[in-house]
Amino acid sequence: MPRRLSAARGLGDRMFRYQLTATGGIVLAIMAAVGLFLLLRSGQALRARGVWAFLTTAEWQPDVHRFGIAAVLTGTLLIAAVAVTISVPLAIGTALFISDVAPRPLRRTLVTMVDLMAAVPSVVYGLWGLFFLQEHVIGLSRWLSDWFGWIPFLHVDGTQPGEPLASQSVYTASTFVAGIVVALMVAPIQCSVMREVFAQAPAGEREGAYALGATRWGMIRAVVLPYGMGGIIGGTMLGLGRALGETIAVYLIISPVFVIQPHILQTGSNSVSSLIALHYGDASTFGMSALMAAGLALFLLTLAVNFTASSIVARSRSGAQSEA
């Protein structure tokens, strides 16, 4: 019968373990407290409106008990989808360049630049998107609408392909512009996570791939990317979580509408976080409860995204390696 081996833990090891356990418990307790607070504060609105009506109603008039998050939740998901679609390829390419392509003296400079981009306040990104990006992206939006307008979400109402006198205002304050700005905000965070995982790919497997005649791209494709799949998924979901909750940048750019707006190139969009920022200052007691209900929905959505990402990362090779 095999003998069980056990290592005697010293006082320092035990204290460190208790400290980590307590820290994890405190984090979970804070998260549960936030959820409970939102649930209690939103109870009045949810009881008056009903959960199903709250989820399926697009308009927002809480003072007459006609309100829901169908429109703002759709806008939140569309902005986050545009942001992730743009940011993930950018983050993967940047992370691979830093970890496997860039000369060693240049890597530290690039890492510092990426980290500094992550530290830029969101209001700065919002102002840049409002006053600079928006006017320069109108041409791209019009080109996408002219050539790919047959795709439903790229169609813009009231325009015809190739119409030279089409108003540019139909392309401003759109989901597309907000998504680009949010993508630039979340890409540095995604890049940092992916870069750390790519750098931990086993050196022996890298050298083995080169020994078998692989090119640098062949080594990356055969070793680094499969090993770093957990980091890619984790970084993507982390960026998605921030994109879902981004407030100031989206609030500065979009033109709020309370209808379900599936056309990402067309003016008019909304999000849960910008809704709360817009109506928080002048909300009545019942209106505040309705805003808390919207915040609860966003909280649960972000929680579901993060838990899904954690379960996927834990089953990947890099996730299992990091937990060992």
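A salt bridge is a side-chain nitrogen of Lys or Arg within 4 Å of a carboxyl oxygen of Asp or Glu. The exercises below use a predicted model.

**Exercise 1. Salt bridges**

Find how many salt bridges the model has, and describe the pairs Glu59 with Arg66 and Glu246 with Arg242.

Solution.
1. The count comes to four salt bridges.
2. In one of them, the side chains of Glu59 and Arg66 meet at 2.6 Å, N to O. This distance is within 4 Å, so the pair qualifies.
3. Glu59 has a relative accessible area of 22% and is partly exposed. Arg66, at 42%, is also partly exposed.
4. Glu246 pairs with Arg242, with the closest N and O atoms 3.8 Å apart.
5. Glu246 counts as buried because its relative accessibility is 7%, under the 20% cut-off. Arg242, at 26%, counts as partly exposed.

**Exercise 2. The largest pocket**

State the volume of the largest pocket, and work out which residues and helices line it.

Solution.
1. The volume of the largest pocket is about 180 Å³.
2. Its lining is made up of Ile98, Ser99, Asp100, Arg104, Arg107, Val111, Arg195, Glu196, Ala199 and Arg206.
3. Sorted by class, the lining has six charged, three nonpolar and one polar residues.
4. At least two lining residues come from each of α3 (70-101), α4 (104-119) and α6 (175-199).
5. Two residues of the lining, Arg195 and Glu196, also form a salt bridge with each other, their closest N and O atoms being 3.3 Å apart.
6. Is Arg195 buried or exposed? Its relative accessibility is 9%, so Arg195 counts as buried. Glu196 is partly exposed, with a value of 43%.

**Exercise 3. Two residues in helices**

Place Val272 and Thr302 in their helices, then give the burial and contacts of each.

Solution.
1. Val272 belongs to helix α11, which covers residues 272-279.
2. Its relative accessible area is 0%, so Val272 is buried.
3. Val72 lies 200 residues away from Val272 along the chain, yet their C-alpha atoms are separated by 5.3 Å.
4. Setting aside neighbours within four places in sequence, Val272 is in contact with Val72, Leu73, Thr76, Ala294, Gly295 and Leu298.
5. Thr302 sits in helix α12, residues 285-315.
6. With a relative accessible area of 19%, Thr302 is buried, because the cut-off is under 20%.
7. Beyond neighbours within four places in sequence, Thr302 is in contact with Gly241 and Leu244.

Terms used
Residues are numbered from 1 along each chain as its sequence is written. This is a predicted model: local features need pLDDT of at least 70, side-chain atom pairs count only at pLDDT 80 or more; totals for chains, interfaces and linings use all residues. Side-chain values use heavy atoms; hydrogens and water are left out. On a 1 Å grid over the protein atoms alone, a cavity is a set of points where a 1.4 Å probe fits but cannot get out, and a pocket is an open set with protein on both sides within 12 Å along at least five of seven lines; lining residues have an atom within 4 Å of a point. Grid points are joined across faces, edges and corners, and a volume is the space filled by probe spheres set on the points. Helices (H or I, at least four residues) and strands (E, at least two) are DSSP runs, numbered from the N terminus. Ala, Val, Leu, Ile, Met, Phe, Trp, Tyr, Cys and Pro count as nonpolar, Asp, Glu, Lys and Arg as charged, and the others, Gly among them, as polar. Buried means under 20% relative accessible area, exposed over 50%, partly exposed in between (1.4 Å probe, protein chains only). Contact means heavy atoms within 4.5 Å.
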